[in-house]
Amino acid sequence: MIATRLTNRDARRLWLAAHGLLDAPTRAPDVMAIIRDLGFLQIDTIRNVVRAHDHILWSRAHTYREGRVWRHLARRELFEHFTHDASLIPREVLPDWHRQFRRLGAKAARGAWYQSGLARGEIDAIRARIAEEGALSTHAFDTKVESREMWARPPHKKALDQMWYAGDLATCHRENFVKFYDLGDRVLGGIDHGRSEAEQAGALHDAAMARLGLANASELNRYWDATGPAEARDWTERADLVPVEVEAADGTVARSFAHPEHLARLPDLADPTTRIRIVNPFDPAFRDRARTERLFGFHYRNEMFVPQAKRVYGYYVYPLLEGDRFVGRTEVKADKASGMLTVTGFWPEPSVRWGAGRTARLDAELDRFARFGGQAGVTWTCPRP
């Protein structure tokens with residue numbers, strides 16, 4: 001089949017439309033609809049202004065309010081597990097997630113990061129307490145951290161996570177972001193619906209492509225991080241996909257695949273909104289940094305875990321999306337002492353001119369972000385554009 005040629009502009013529009021970032025964020029704050037459209041929602045402990053999962057939902061629906069997502073976990077409409085990171089996943093994906101429980105459970109059991117050092121009887125006793133008492137958090141146990149390393153965790157926490165990765169335990173609910181573990185059977189129900197691993201992989205690839213709209217086999221494999229590269233390549237060869245040649249931001253062309261339904265919608269896609277968006281670093285549209293750089297010519301590295309002296313920009317830096325291009329990045333944080341949203345860093349892209357109109361659009365988005373995070377206003381401690 002002859003490949004369809006996609007200009008860089010069309011590829012960007014397809015990508016933004018597939019991730020809910022083409023139109024203004026005025027859709028209804030239907031949490032489950034947004035997460036189903038995205039496929040999953042990454043969650044993160046850091047609360048810089050708001051936590052990442054709340055920010056991602058707000059980016060699609062500005063009437064969403066912080067914390068509402070957790071009611072859907074408590075109602076069992078979502079389950080929590082690990083894609084490329086801890087994520088909330090629609091419950092209908094469960095029949096095809098058994099392979100991930102098995103794969104990550106085995107990996108955790110043999111990996112030094114998760115090995116608790118507890119005897120089998122001690123691990124069984126932790127599980128028995130949960131079976132008898134109901135959902136418990138890590139605070140219900142009292143084994144001590146044996147290392148002074150920054151990310152060291154107590155043995156009982158490692159044991160809980162070993163069982164969580166395997167699906168033997170599951171997240172029942174969270175309180176102030178603290179995870180409560182319950183038996184997997186009580187939370188998830190029957191997780192093995194008798195499908196073969198190959199059938200599960202095929203269903204996951206199909207679900208990923210339906211959401212990505214445009215992807216090569218490697219990008220498809222990275223979506224859930226629950227299959228292997230060979231499985232993804234084999235699936236693309238069998239699936240009903242449209243081969244495409246995608247023009248990158250630098251003018252080079254690479255072979256890829258497009259979902260037929262997404263490609264058919266291309267002529268009817270509206271131009272992207274001109275408002276500036278403050279994009280969360282964990283946003284699913286932005287997670288694959290190599291793809292972002294290829295499509296948008298925007299290089300980004302998450303520097304949260306980079307020593308301060310080696311950072312190029314800052315600790316929690318937000319990309320700024322305007323229309324179909326990234327026009328800069330900013331570091332902002334909630335200042336508890338003043339109750340203000342503080343802009344501590346601003347870096348325009350070298351090719352972007354920041355005049356009065358663009359600066360006003362940034363100010364408007366900063367004001368909206370401040371209100372969402374409960375701040376009284378915005379203050380700058382760095383030069384304004």
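Two strands count as paired if DSSP finds at least two bridges between them. On that basis, this predicted model contains an open sheet of four strands in the order β1-β9-β10-β8, with mixed pairing. The edges are held by β1 (4-6) and β8, each with a single partner strand, so one side of each is left without a neighbour in the sheet. Helix α1 packs on the sheet and touches β1, β8 and β9. The direction of α1 makes about 85° with that of β1.

**Pairing within the four-stranded sheet**

Strand β10 (residues 253-258) runs antiparallel to β8 (residues 214-215), and two bridges join them. Within this pair, L214 has A258 as its bridge partner, and A215 stands opposite F257. Strand β10 also pairs in the antiparallel sense with β9 (residues 242-247), here over six bridges. A258 is the bridge partner of V242 in β9, and A258 is likewise the bridge partner of L214 in β8. The hairpin of β9 and β10 has five residues between the strands, and G251 takes a positive phi near 90° in that hairpin.

**The five-stranded sheet**

An open sheet of five strands follows the order β11-β12-β13-β14-β15, and its pairing is mixed. Strands β11 (276-278) and β15 (378-380) are its edge strands, each pairing on one side only. From one strand to the next, the twist averages 35°. Inside this sheet, β12 (residues 317-322) and β13 (residues 325-335) run antiparallel and are joined by six bridges. E322 has R325 of β13 as its bridge partner.

The antiparallel pairs described above are set out here.

| Strand pair | Sense | Bridges |
|---|---|---|
| β8 and β10 | antiparallel | two bridges |
| β9 and β10 | antiparallel | six bridges |
| β12 and β13 | antiparallel | six bridges |

**Helix packing**

Two packed helices are described by the angle between their axes and the distance between the axes. Helix α2 (residues 31-38) and helix α3 (residues 52-60) pack at an angle of about 95°, and their axes lie 11 Å apart. Angles of 65 to 115 degrees count as roughly perpendicular, and α2 is therefore roughly perpendicular to α3. On the α2 side the contact is made by V31, I34, I35 and L38, which meet I56, L57 and R60 in α3. By class, this contact of α2 with α3 has six nonpolar residues, no polar residues and one charged residue.

A second helix pair is formed by α6 (residues 120-133) and α7 (residues 155-165), whose axes come within 10 Å and cross at roughly 70°. These two helices, α6 and α7, are therefore also roughly perpendicular to each other. Helix α6 contributes I123, I126, R127 and I130 to the contact, while H156, A159, L160, Q162 and M163 come from α7. The residues of the contact of α6 with α7 divide into six nonpolar, two polar and one charged.

**The second largest pocket**

Rolling a probe the size of a water molecule over the atoms shows where empty space is left. The second largest pocket holds about 320 Å³ of space. Its lining comprises 17 residues, of which A17, A18, G20, R27 and D37 are the closest to the centre. At least two lining residues are supplied by each of α1 (8-18), α9 (197-212) and α12 (260-265). The largest share, four residues, comes from α1, the helix that also packs on the four-stranded sheet. By class, nine of the lining residues are nonpolar, two are polar and six are charged.

Key:
Residues are numbered from 1 along each chain as its sequence is written. This is a predicted model: local features need pLDDT of at least 70, side-chain atom pairs count only at pLDDT 80 or more; totals for chains, interfaces and linings use all residues. Side-chain values use heavy atoms; hydrogens and water are left out. Axes are lines fitted to C-alpha atoms, for helices over the stretch in contact, and angles run from 0 to 180 degrees between N-to-C directions. On a 1 Å grid over the protein atoms alone, a cavity is a set of points where a 1.4 Å probe fits but cannot get out, and a pocket is an open set with protein on both sides within 12 Å along at least five of seven lines; lining residues have an atom within 4 Å of a point. Grid points are joined across faces, edges and corners, and a volume is the space filled by probe spheres set on the points. Ala, Val, Leu, Ile, Met, Phe, Trp, Tyr, Cys and Pro count as nonpolar, Asp, Glu, Lys and Arg as charged, and the others, Gly among them, as polar. Angles under 35 degrees count as roughly parallel, over 145 as roughly antiparallel, 65 to 115 as roughly perpendicular and the rest as oblique. Contact means heavy atoms within 4.5 Å.
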